[in-house]
Each structure stands twice: as structure tokens, then as C-alpha cells.
Amino acid sequence: MGCGTSIAVENQTRPSETDGSIKQPSPALTIKAAILIQRWYRRYVARLEMRRRYTWNIFQSIEYAGEQDQLQLSSFFSFMLDNFTQINGNGPDLISHLLDSVVDPLTEEVRQLKHEQIVVPESYSGPRLSFPLSVTDTNALLSAFKEEQTLHGKYVLQLLYETKKFLKQMPNVIYLSTSYAKEITICGDLHGSLDDLLLIFYKNGLPSAENPYVFNGDFVDRGKKSTEIIIILFAFLLLYPDHMHLNRGNHEDHIMNLRYGFTREVMQKYKTHGREILQLLQDVFSLLPLATVIDNKVLIVHGGISDKTDLDFLSTVERHKVKSALRLPKRSIDHLNVRACSRSSSRHSGRSRLDSPRSSGRTSRASRRKKKNFTKQGSCSSSSSSSSSSSSSKCSPRVSSRNTPRRPPPSPSLPSPTDVLQVPFLDSFVSLEPPEPPREELEWQQVVDILWSDPKNQNGCSPNSFRGGGSYFGPDVTQTLLQKHGLCLLIRSHECKQEGYELCHNGQVITIFSASNYYEEGSNRGAYVKLGPELVPRFFQYQVSRSTRKLTLHQRVRVAEGSALRALKEKLYAHRSELMAAFQQYDIDNTGRISTSEWAQVVESVLRLDLPWRTLRQRLARLGADGNVEYASCFEDISPGEPIPPVTPNLAETLYRYRTDLEIIFNIIDKDHSGQISIEEFRQTWKLFSSHLGVAVNDQAIDDMARSIDFNKDGSIDFNEFLEAFRVVHKLDVKEQQQG
């Protein structure tokens with residue numbers, strides 16, 4: 001009652017408000033204001049979307065550039081292995097133990113007994129597995145991994161051994177059927193993200209007879225919990241062999257694992273049994289099925305297909321022989337039945353497998369196209385070799401219309417790689433059509449296309465030059481394969497999508513990707529798809545993030561954009577000498593400035609990332625008073641660390657650029673993964689590195705470098721500290737840390 005009285009009194013004291021002294025806005029003004037607000041908001045959202053898209057393009061371009069580098073490095077390793085029995089003339093080949101499958105002298109029974117005899121200490125508090133596995137075991141694993149516990153190496157080896165035995169019995173292509181009582185859940189790439197896997201199980205339920213799953217490859221690498229993921233997946237595979245299914249991905253490959261972190265993760269978590277675990281994983285990965293078919297209507301493969309993909313032939317492939325899709329089965333030139341046409345052709349007895357070598361930057365565009373088509377040995381029809389996806393393609397990463405490898409030419413200050421070592425290629429000078437490849441190579445081609453290919457919007461099939469391996473397949477290729485085998489849908493993974501899934505090829509191809517926050521916190525959602533008897537896909541999205549949920553869309557875009565631009569600036573710095581030399585060719589008067597179009601042209605010609613450089617210019621370089629780009633400002637926000645004194649600036653830049661390649665070579669030589677190598681091993685690392693890149697470094701310079709980083713003078717080198725000296729530093733990040 002008191003409240004009602006007070007309101008009445010308040011109304012009586014302000015009669016002017018109801019007497020029209022305050023004018024009400026007219027409807028016309030209200031509509032005009034609403035239109036102005038709507039216009040502003042639409043422009044705001046459009047700008048935000050533009051930033052989100054170019055951020056995504058930066059992440060994807062840099063990711064695929066790394067994959068192409070890996071394929072080129074693997075091509076070099078294979079060439080070395082096929083053509084040199086000794087690297088330095090007085091010892092076993094350093095990389096044969098990595099690239100060739102390990103021959104275990106122990107029988108299966110002896111190995112199993114050896115695993116059972118491993119003693120688990122009383123202090124171990126993690127789960128203890130007993131075989132055959134039960135639901136109690138899988139629940140114990142899930143609980144332990146949520147608590148950051150590590151499964152003892154004995155149980156990991158036993159689990160892998162049992163998984164290998166089971167997979168040996170499985171066909172290359174698994175055939176499943178739905179029923180009215182259940183749906184099948186298909187998950188895409190997880191890439192070591194345990195939180196995503198646990199969230200899927202929380203939302204969708206654990207695998208069981210009533211809740212079957214298909215996991216479509218790429219369980220490992222990049223994330224920090226790859227070991228836990230494969231343990232969980234293999235455990236459920238053994239527990240529910242008819243209801244849990246795993247396809248192989250392109251990262252179920254021991255050579256890929258060396259670059260993208262899984263090898264390092266295993267050795268850090270299992271210092272005693274790590275090497276044996278990795279050797280067993282080689283076998284397990286090579287035995288994973290290649291495809292799954294649901295109700296004879298839905299094909300599930302990790303990457304995609306080509307115009308040569310044949311499911312009947314794929315079913316007969318001896319998949320266990322393809323330990324790595326990055327390594328072509330060894331062939332001599334005798335199989336080709338062609339004579340060398342020149343002295344250089346005699347050096348081309350090996351074959352590069354997935355992409356052109358580093359020296360391809362010096363060859364003609366037409367020659368590169370011929371080489372790509374020849375390398376694929378018919379995996380894609382030559383009539384479509386020039387067609388590639390446009391930058392607006394929804395189905396595939398942006399493919400440069402030039403259809404050339406993105407590898408920039410060698411630095412002007414360094415000798416060309418071709419002057420030191422010609423990575424093998426049967427080049428355009430081979431005038432004869434090659435005969436039908438041997439069956440082993442045809443099998444390898446089928447596996448590569450299944451694991452590495454991507455869809456594109458244009459018809460036809462062409463080499464996947466952006467990744468460096470597999471094919472781009474168009475809607476017509478999809479339609480042909482589906483009709484040939486009586487299918488209606490292709491589900492694949494292999495590509496990160498912002499919403500976690502994407503449809504293309506008139507709805508006949510679905511891409512599903514299950515690792516959320518793949519590039520950066522908030523960069524993308526994860527998703528899985530469920531299929532029932534009607535085979536109508538139902539998509540479920542999610543995002544694992546403890547911090548992103550509190551951020552606005554603008555804040556999420558800004559965080560991801562900042563991370564992408566930092567990575568791009570590192571790329572610019574790693575090619576600083578090439579960029580500056582190219583900039584100065586346009587800057588005839590040495591003003592330090594060139595036009596925006598010239599700046600964009602130079603950056604693209606060197607980095608070959610096919611990015612919208614004009615749009616990115618304002619985030620990478622500033623304009624002068626005359627409206628031209630001050631090109632040296634590209635490098636102002638980043639600086640080198642503190643390189644080793646004996647290292648020349650040119651060599652330091654090469655190390656910045658190829659730091660990952662050097663680390664991979666080191667990890668091959670560091671067989672026990674201790675992080676320490678001898679000075680002699682350091683020399684051999686440099687011989688491989690200089691041969692791979694064509695970097696001329698004399699023995700004296702190597703010795704000076706080795707002595708300078710042997711800090712305690714014990715004859716061994718901490719290689720990780722050496723590599724740490726070759727990181728770029730972002731000045732803005734340093735300022736923020738100092739202010740914080």
C-alpha cells in the first residue's frame with residue numbers, strides 16, 4: 001500500500017511529463033535511426049567476418065605449407081635411403097631404421113611373454129589392465145586420464161600387441177549395417193585433443209553394442225594427449241570389436257609423427273619402453289582399415305578419392321606393407337624400361353613420390369605440371385591437371401590458380417639446392433610414356449589418395465599441389481565413384497572446418513572434423529555426425545573451451561587473428577633476405593617504399609601462400625606519407641633471439657626457416673631421444689641438413705658451431721638449446737610481458 005501511495009505522489013509532482021512538454025520522436029525518425037543502426041551493424045559484422053576468414057586462410061595456408069615441407073623432407077630421406085648405403089662412407093645409414101620397417105627377431109609368443117614379465121613397481125598408482133579387457137578396465141582408463149595419470153608402459157605394450165593381433169584379422173574395407181534400434185556415430189580428426197573425445201563420450205555416450213562408433217583417422221599429432229586417445233580407442237576396439245571401428249588417417253604414419261609431435265610425446269611419457277612402443281605402433285597403424293561402408297550406401301574414408309580409386313582393388317591391397325604413405329615402394333629405373341637421355345638422368349634412379357622437390361622453384365611452369373602428372377602415375381587424369389579449386393571453394397583449401405608449388409626459390413645469397421644435390425625426379429626430358437607401374441606401386445597410390453585427397457568445386461581430378469600429396473577431386477569424380485559402387489554418400493575428414501562439418505558436391509560429400517579449437521582457442525567448433533537406417537545425417541556441434549565461452553565474438557576473432565598474424569610474421573622474417581632483395585628490385589631510387597600492388601606481388605611470389613595480401617597489408621606493414629608501403633616495416637615487430645656467434649646471418653636465416661626440418665633430422669640421429677648428441681653426430685646432422693637444403697657449410701664452420709654450444713665441454717651437445725637460439729621473438733609480446 002505504501003508503494004502505491006508513493007507512486008501516485010511521484011506522478012502528481014511531474015505533470016509536465018504527461019502534458020507533452022517532452023516531444024515523442026516521430027515514426028519517420030525512429031525508422032531512420034533503426035536503418036542507420038542496422039547498416040552500422042551489418043558493416044561491423046561484415047568486417048568481423050572478413051577478419052575471421054583471412055585469419056582462417058592464414059592458419060590453413062601455413063598448416064599445408066608445413067605438410068608440403070614434410071613431404072619434401074620425406075622425399076629427400078627416401079632418395080638418400082634408396083641411393084646411398086652409407087651417408088659418410090664408414091657407417092650404417094642413419095635413416096634406414098626410421099624409414100624402413102623394423103624386423104623384430106622375436107616371435108609373437110616370445111614378445112608377448114616379454115611384455116608380461118615387465119615389472120610394475122608398487123608405487124605405480126594408475127590403472128592395471130587385465131586381458132581380455134572388461135568395462136571396468138575402460139572405465140578405469142577414462143578416470144585415470146581425467147586425473148592426468150599415465151598408463152604404465154607394460155600395459156601399453158600389451159594393449160598394442162592385442163590390438164595388432166586383432167587388426168591382422170580385419171579386412172581393408174569394413175562393412176557395417178544400421179538397424180532401427182541404433183544409429184552409428186562418425187567422428188573426424190581428434191589430433192591429440194583428449195578433451196574433445198571425452199566431451200563426445202559425455203554428450204553421445206560411451207561406445208557399446210547399442211552405441212557404435214566409427215573414428216575416421218588422425219587420432220594423434222599436434223595435441224598433447226595423443227597417447228591417451230589411442231589407448232582409449234584401442235581399448236574400446238578390443239572391448240567391442242563389432243561396434244567400435246577405426247579408419248587410418250594420414251597422421252597414422254611414423255614419419256608424420258616425427259614432425260608433428262607424437263613421437264616426442266611417446267618418448268617423453270615412456271622413457272624406458274618408448275622405442276618399443278613406437279616400433280609396435282608402426283605395425284598397428286599400418287594394419288588399421290582404410291575405409292568403412294555403411295549399409296552398402298555410405299563410404300567413409302579419411303581424406304578422399306581420385307579418379308583411379310577402386311574399392312574392389314582397395315580391398316585386395318596388402319595394407320600392412322604401407323608403413324608410411326610418404327614413402328614410395330622402392331623401384332629401380334629398370335621397371336620403366338627407358339634409357340637415360342642425359343648425364344643428369346642417370347642420377348634420377350629414385351623417384352619423388354608426392355610432390356616436386358625443393359629445386360622445382362627453378363623449373364618452368366610447364367615442366368612442373370608434367371612432373372606432377374608423371375609423379376602421380378595416373379592417379380589423376382592429365383586432362384584435368386590444370387584445374388584447381390578457386391579461393392572461394394567451400395570444399396577444399398584455396399588452391400593457387402597458378403598451380404605451382406609454393407616453395408620459394410633459394411635465397412640469392414645461398415647456392416641452389418640443385419648445385420649440391422638433385423632430389424630425384426623423372427623429369428620432362430623423359431620422352432616415353434611409362435608402362436603400367438608394378439602392383440606394389442599401384443597399391444601405394446590407392447592408399448595415398450584415400451589418406452591425403454581433398455574435394456574441390458571444379459570437375460576433374462588434379463594433383464593436390466597445396467598439400468603436396470594426394471588429389472583434388474571434383475563433383476564428377478565423386479558422382480562416378482558413387483554410381484560405380486552403388487553408393488549415395490561419401491563422408492571424409494582431413495580438413496578443419498570452422499563449424500566442425502561441411503557439405504559439398506551437391507550434398508554427396510560430407511567433411512567431419514572433431515577437434516575443436518584446432519588452430520587457436522575459439523578458432524573452430526568440433527562436430528560428429530550420426531546415421532540411422534534412413535541414412536539422413538544428423539550433425540552435433542560443440543566447442544571445448546574453458547575461456548572462450550566468456551569472450552564475445554569480437555574478442556574471439558581478435559585472439560585468433562593475433563595468433564595467425566604472429567605466425568605469418570614469422571614466415572616473413574624467415575624469408576627476410578629474399579623479400580628485401582625482391583622489394584629493392586622495385587625500389588629503384590632506394591626510397592624504402594613501393595606500391596601496395598608491388599608489395600603484395602613480391603610477398604606472394606616468395607611465400608606462395610595464396611593469401612589476400614592487399615587486405616593483410618595494414619596488419620603487416622605501414623604506409624608512408626605518399627601512400628606507398630614502407631616495406632622494411634614488415635620486420636619491425638619481430639627480431640631474432642641470440643644466435644650462436646659462429647653462425648653467419650645468412651645461415652641463421654636458413655636455420656630460422658628450416659628449424660623444424662633440422663629438428664626432425666636431429667631426432668632421427670638421436671636414437672634414444674635423450675636430447676644429447678655427440679659432436680660427431682652433430683656433424684652428420686649437418687651433412688644431412690646441408691644436402692637436403694643445398695646449404696654449403698664447411699667442416700670448420702660446423703666444428704666451430706659444435707664447440708660453441710658444447711657448454712660444459714663434455715663432448716655432447718644439447719640440441720634443444722641449440723634450436724632454441726633460432727626462434728624469432730615478437731617485440732610486442734616482450735613489451736606486454738614486461739608491462740605485465
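# Salt bridges and a mixed sheet

Reader: Hello! What is the relative accessible area of Glu-49?
Author: Welcome! This is a predicted model, and in it Glu-49 falls between the cut-offs of 20% for buried and 50% for exposed. Glu-49 is therefore partly exposed, and its relative accessible area is 25%.

Reader: Which residue meets the side chain of Glu-49 in a salt bridge?
Author: Opposite charges on side chains can pair when the charged atoms come close. The partner sits four residues away, about one turn of the helix, since both residues lie in helix α2, residues 27-83. That partner has 54% relative accessibility and counts as exposed. With N to O at 2.9 Å, the side chain that meets Glu-49 is that of Arg-53.

Reader: How many residues apart in sequence are the parts that Glu-561 and Arg-51 tie together?
Author: Let's begin with the contact: the closest N and O atoms of Glu-561 and Arg-51 are 2.6 Å apart, which makes a salt bridge. Glu-561 belongs to helix α17 (residues 553-574) while Arg-51 belongs to helix α2, so the pair ties together parts whose separation in sequence is 510 residues.

Reader: Is Arg-51 buried or exposed?
Author: Happy to check both ends of this bridge. Glu-561 has a relative accessible area of 2%, so it is buried. For Arg-51 the value is 18%, and the cut-off for this class is under 20%. Arg-51 is therefore buried.

Reader: In which helix does the other partner of Glu-561, Arg-619, lie?
Author: Glu-561 also forms a salt bridge with Arg-619, with the closest N and O atoms 2.6 Å apart. Glu-561 is in helix α17, so this pair ties together parts 58 residues apart in sequence, and Arg-619 lies in helix α20.

Reader: What is the relative accessible area of Arg-619?
Author: Its partner Glu-561 is buried at 2%. Arg-619, in contrast, is partly exposed, with a relative accessible area of 35%.

Reader: How many salt bridges does the count come to?
Author: The rule asks for a side-chain nitrogen of Lys or Arg within 4 Å of a carboxyl oxygen of Asp or Glu. Some of the residues are linked in a network, among them Glu-63, Arg-222, Asp-454 and Lys-497. The count of salt bridges comes to 26.

Reader: Turning to the strands, which are the edge strands of the five-stranded open sheet?
Author: The order is β4-β3-β2-β13-β14, with mixed pairing. Two strands pair on one side only, and these edge strands are β4 (244-246) and β14 (538-542).

Reader: What is the bridge partner of Ile-184?
Author: Strand β2 (residues 184-187) pairs with strand β13 (residues 526-531) over four bridges, in the antiparallel sense. In β13, the bridge partner of Ile-184 is Leu-531.

Reader: At about what angle does helix α8 run to β4?
Author: Helix α8 spans residues 226-239 and lies across β3 (213-215) and β4. Its angle to β4 is about 130°.

Reader: To finish, what share of the residues in the protein chain is buried?
Author: The protein chain has 26 helices and 20 strands. About 32600 Å² is exposed, and carbon and sulfur atoms supply 50% of that area. Of the 740 residues, the buried share is 55%.

Note on methods: Residues numbered from 1 in each chain as written. Predicted model: local features only at pLDDT ≥ 70, side-chain atom pairs only at ≥ 80, totals over all residues. Heavy atoms only, no water. Buried < 20%, exposed > 50% of the residue type's maximum accessible area, 1.4 Å probe, protein only. Pairing = 2+ DSSP bridges. Contact = heavy atoms within 4.5 Å. Axes fitted to C-alpha atoms, helices over the stretch in contact; angles between N-to-C directions. Areas by Shrake-Rupley, 256 points an atom, 1.4 Å probe, with all protein chains shown as cover.
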